[in-house]
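Visitor: Could you walk me through the salt bridges in this model, starting with a single one? I am new here, so please explain the terms as you go.

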Amino acid sequence: MRVWTSEQSHYLDELIRLEGRGKADHSCHACGDLDASYHCEDCFSVDLFCCLCMIKFHQNVPLHRVKQWQDGYFHATTLKHLGLRIQLGDHTGQSCRNPKPAREDNFVVINVHGIHEVALDFCCCANAPSHYRQLLRGRFFPSTSTDPRTAATFAVLEHFHLLSFESKVSAYEFYHCLARRSDNTGMKPIKDRYSVFLRIMRQWRNLTSLKRSGRGHDPAGVDATQQGQLAVLCPACPQLGKNVPEDLAHVSSNERWLYSLFLAIDANFRLKRRLMSNDIKDPGLSPGWGYFVEEGQYKTYLCDHADVRQEKSMCVSHNAINMADTKLAKGLAATGVGSVVCAWHDMRLASGVGDLQRGEKYMNMDYIVFSALSAFASTPIVNFSYDIACQWHKKLWRRVSTLPSQLQPNRAHTAFNFFVPKFHIAAHIAACQTNFSFNWTPGVGRTDGEAPERGWADINRVAASTKEMGPGSRHEVLDDHFGDWNWKKVTAFGRVLLRKIKEAVKAKTEHRHALTELEESIKQSDLGVASLTNWTNEVLAWELDHSNPNLFESRVTATTQAAVRLELLMQDAQDLEDRFSVSLHSDVTPSILISTGLDIEHTQQRLRADNGSLGQHATNEQQTKILARSNSLQCRIEAWTKIQVLYMPSVSQLRATNATGLNHTPSDDEESGCPRSRPNSVKPEDFQLLFPSDICSYAPCDPKLLHIEWSLRFAQANDALDECRSHIRLHHQLLRFKSQHLRGQCANTRARKTVQAVDDRLVLSHDKYLCARSALVCLSRHVDHVRWDRGLQPLKKTDLRPIGDLGGQTLGTAIMPWIWLTHGISSHDSEGLQDTLRVEWCKARARHNRWQEEIQLLLVKMQHVLAFLAWEARQWDERATLRMVERSEYAEGLITYANRQAAIRCGLSASFSGMWRDVGALVSAGLDYGAEGEQDDGPSIDRPSIDEPPHEDLDGVD
């Protein structure tokens with residue numbers, strides 16, 4: 001840039017020079033006429049020409065922009081003004097004997113350079129084609145088939161078509177850009193043809209999709225088009241009869257997973273449509289032929305089942321999902337779209353998209369999913385990925401029985417598996433994180449299930465323009481963008497699959513070494529060898545049948561506060577029965593005293609937090625509620641302290657001397673943000689309860705009370721830690737849902753209140769943990785408990801972040817917060833160690849196996865891509881002569897187009913084969929023994945197969 005800056009002024013001089021006539025000789029460059037005052041903006045030459053020469057040289061380029069030198073500068077003029085006439089018809093080099101000007105000799109052509117008014121003549125000779133055919137043969141697309149007065153060039157339509165795919169520019173913006181290119185001053189009004197351009201572009205989209213799908217070659221014609229026939233198919237997914245055999249009976253049970261179909265389901269609430277127009281005013285030109293389901297049958301099914309109530313989710317993460325049912329639908333015909341895509345390759349499936357009327361209801365999603373699945377009959381295994389799969393699958397088959405018969409799958413020949421995407425699964429309960437995990441289930445490779453999210457990022461940019469469209473126009477625009485997305489994926493298969501298999505070979509080797517090292521360390525003892533054998537048998541049994549014990553779940557669980565309270569009460573009862581101790585109160589035992597005190601402490605924390613959130617302008621009702629809670633708390637404290645002095649007499653003297661500062665206070669770096677008690681305050685929420693942990697360093701205390709508080713505080717800390725994890729997961733899911741799906745002040749305000757409520761709960765849980773841990777630190781000096789702090793570490797605010805959150809660090813330097821690495825502490829170290837080793841070995845084995853499967857799947861998918869491209873090439877070869885036409889030029893067009901499409905498939909196949917020629921050697925060099933000690937001789941690149949995946953793993957997703 002510094003080099004250019006030194007020449008900046010010279011660049012500017014040349015641009016200004018072009019504003020003039022250039023050379024001193026101002027005669028016509030062609031004939032030498034001295035009256036040369038015209039030059040062309042779009043021709044390569046900048047020389048001057050006379051009027052006659054300008055017309056002569058622009059007979060075949062009649063849409064160039066010309067200017068006339070007048071009054072000391074160039075004025076914009078038109079070739080029509082100079083006398084140029086465009087003659088349509090087959091009159092190359094000759095004049096038409098019977099020309100007919102367009103109506104009022106006023107024809108408008110929309111071109112890449114701008115909007116032109118031209119003088120255009122139709123041919124009216126005998127046997128001349130109709131006017132719209134003459135325009136089409138001149139590469140002008142007419143606005144109507146009867147007496148057209150406007151047309152758009154094929155060049156501008158192709159230009160806008162590709163530009164809309166890449167930049168998502170709207171037709172309104174593009175058209176007005178053309179208008180400004182014609183006149184950027186506003187002094188010469190441009191004829192408004194915006195609505196005409198919209199209609200032409202819609203017809204162009206429809207025709208190009210029909211042409212590219214081979215409908216023009218079908219003797220049955222356009223009307224015989226079947227549902228989903230205009231969609232660009234995934235060449236890597238198992239397409240029976242295309243890239244895999246019609247019958248897979250010869251495939252062994254151990255290899256059937258290589259022919260699995262991976263489907264990812266999701267909804268998008270940005271792709272709304274306002275309640276404007278209707279199916280009668282704006283009918284679709286390709287109803288159900290592309291990616292959207294056929295609207296008539298779909299709406300009929302929804303109306304027939306409108307009274308079906310959807311059950312609420314029982315999983316914690318679905319509180320955010322259930323918010324979709326409360327979304328405002330006022331003024332909207334569609335609140336969003338539901339979609340099913342290929343989970344490996346992120347490609348839209350035929351008949352796999354449908355409008356949502358109000359939220360993400362099961363009946364909408366069921367119809368969409370099984371409409372897409374109907375094209376994959378007899379697929380041996382179908383793997384569903386859905387962020388609410390744990391709830392969606394429960395009564396799925398009961399709901400499927402109500403679908404139209406043609407959409408109901410054959411469950412006798414197909415196995416169905418259900419998963420939660422890797423990024424979403426962290427927000428689910430613990431049971432879901434193992435039972436629906438891609439990481440721990442065999443036969444899925446490194447699938448992450450997040451494919452829809454990447455597709456939404458691309459299509460969301462057209463949401464602003466499509467929400468104002470009618471139903472037919474919107475479906476066609478979205479179908480068009482989905483088709484382009486799929487085609488770009490097809491052309492990228494070569495480099496994407498190559499990159500993926502290189503990564504997989506490297507990762508598989510690394511994980512194999514890690515697994516080997518872990519197994520060797522375990523085998524150093526006889527107990528380890530026996531344990532490893534048992535674990536192997538158990539994990540194989542669980543992989544075959546999930547009803548067996550799950551080895552990925554920790555079996556040493558943290559003690560809960562409720563369980564400890566029950567155990568202490570039972571111990572009190574036993575001691576009284578055996579006369580080992582005497583209760584100083586008829587109703588309150590020592591354990592009840594301490595546990596009740598902990599409840600009062602928690603009530604104080606909540607009251608301080610709620611009182612602090614009132615602000616300066618609290619209403620009378622709010623103040624009344626706080627005061628009532630404060631009075632109730634005061635009564636509880638008075639009753640509790642009367643019993644406390646029976647078991648802890650020293651507290652009377654401490655309170656009489658106004659001893660303060662005895663409470664254990666967390667350090668500044670562990671501050672939770674919850675308001676602290678004020679030592680000199682007389683409010684009940686600030687009253688010092690003086691637990692044994694508070695006074696044990698200053699006054700004598702019954703050892704039994706110390707042990708009781710230790711047990712309860714230890715359980716309280718674990719409970720608080722579980723609450724923190726749950727609140728963090730829910731907070732993360734709510735923010736993600738709000739960012740992706742909610743728009744508008746009203747919806748965002750309600751969502752912010754929900755998020756704030758979760759934040760407040762997290763602060764309280766954090767404060768509860770800090771208080772419990774501070775008490776444990778004090779008690780640990782007086783009771784015999786060691787190494788307890790390995791699982792109850794200091795909890796800072798920076799630790800309260802979800803899995804995958806880098807905390808402002810890079811992926812290579814970030815450390816996962818310790819709260820996600822704790823599975824509970826056993827009272828027996830040997831049991832806890834064995835449990836930890838078992839879980840870690842299962843995970844290491846699973847990671848290695850998934851990468852090994854990834855290599856096998858990638859090899860199979862490479863084979864399938866090549867087989868599918870070969871099948872498509874054969875299809876186009878057959879279409880070349882499939883339709884018989886009378887006119888030779890039409891027949892030649894059919895053959896030529898079919899040959900070109902077949903050549904494209906052959907070219908892609910040759911390109912991919914060249915990229916993959918060294919894959920076999922790459923995989924062979926990286927092969928080692930499988931996870932169970934058997935040689936991995938999976939599929940090679942030379943055998944036939946299916947499937948590609950642009951399924952980049954998200955940061956932090958394992």
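Guide: E503 and R499 both sit in helix α19 (residues 493-522), four residues apart, which is about one turn of the helix. Helices here are DSSP runs of H or I with at least four residues, strands are runs of E with at least two, and both are numbered from the N terminus. This is a predicted model, in which local features need pLDDT of at least 70 and side-chain atom pairs count only at pLDDT 80 or more, while totals for chains, interfaces and linings use all residues. Residues are numbered from 1 along each chain as its sequence is written, and side-chain values use heavy atoms, with hydrogens and water left out.

Side chains of opposite charge can pair when their charged atoms come close. E503 and R499 do this as a salt bridge, their closest N and O atoms being 3.6 Å apart; the term asks for a side-chain nitrogen of Lys or Arg within 4 Å of a carboxyl oxygen of Asp or Glu. E503 is partly exposed at 36% relative accessibility, and R499 is partly exposed too, at 31%. For that scale, buried means under 20% relative accessible area, exposed over 50%, and partly exposed in between (1.4 Å probe, protein chains only). Elsewhere, R85, D105 and D121 are joined into one network by salt bridges that share partners.

The count for the structure comes to 31 salt bridges. One of them brings K488 and E166 together at 3.4 Å, N to O. K488 belongs to helix α18 and E166 to helix α6 (residues 154-167), so this bridge ties together parts that are 322 residues apart in sequence. K488 is partly exposed, with a relative accessible area of 30%. In another, D458 meets R461, with the closest N and O atoms 3.5 Å apart. D458 is buried, at 13% relative accessible area, whereas R461 is partly exposed at 45%.

Charges can also meet rings. The charged end of R348 sits over the ring of W456, 4.4 Å from its centre, and R713 lies over the face of F691, at 4.8 Å from the ring centre. To count, NZ of Lys or CZ of Arg must be within 6 Å of the ring centre and within 35 degrees of the ring normal.

Rings meet each other as well, and the structure holds 34 aromatic pairs. Rings of Phe, Tyr and Trp (its six-membered ring) pair if their centres lie within 6.5 Å; planes under 30 degrees apart are stacked, over 60 edge-to-face, and the rest tilted. Y291 and F482 have ring centres 6.0 Å apart and planes at 80°, so they are edge-to-face. F482 brings us back to helix α18 (residues 471-491), while Y291 lies in the loop between β11 (273-274) and α9 (295-304), 191 residues away in the chain. Both rings belong to covered residues: Y291 is buried at 2% relative accessible area, and F482 is buried at 2%. Y301 and Y367 make a tilted pair, 5.4 Å centre to centre with 35° between the planes. This pair links helix α9, home of Y301, with helix α11 (residues 362-373), home of Y367, across 66 residues. Y301 and Y367 are both buried. Finally, ring pairs gather F370, F384, Y386, W392, W397, F416 and F418 into a cluster.
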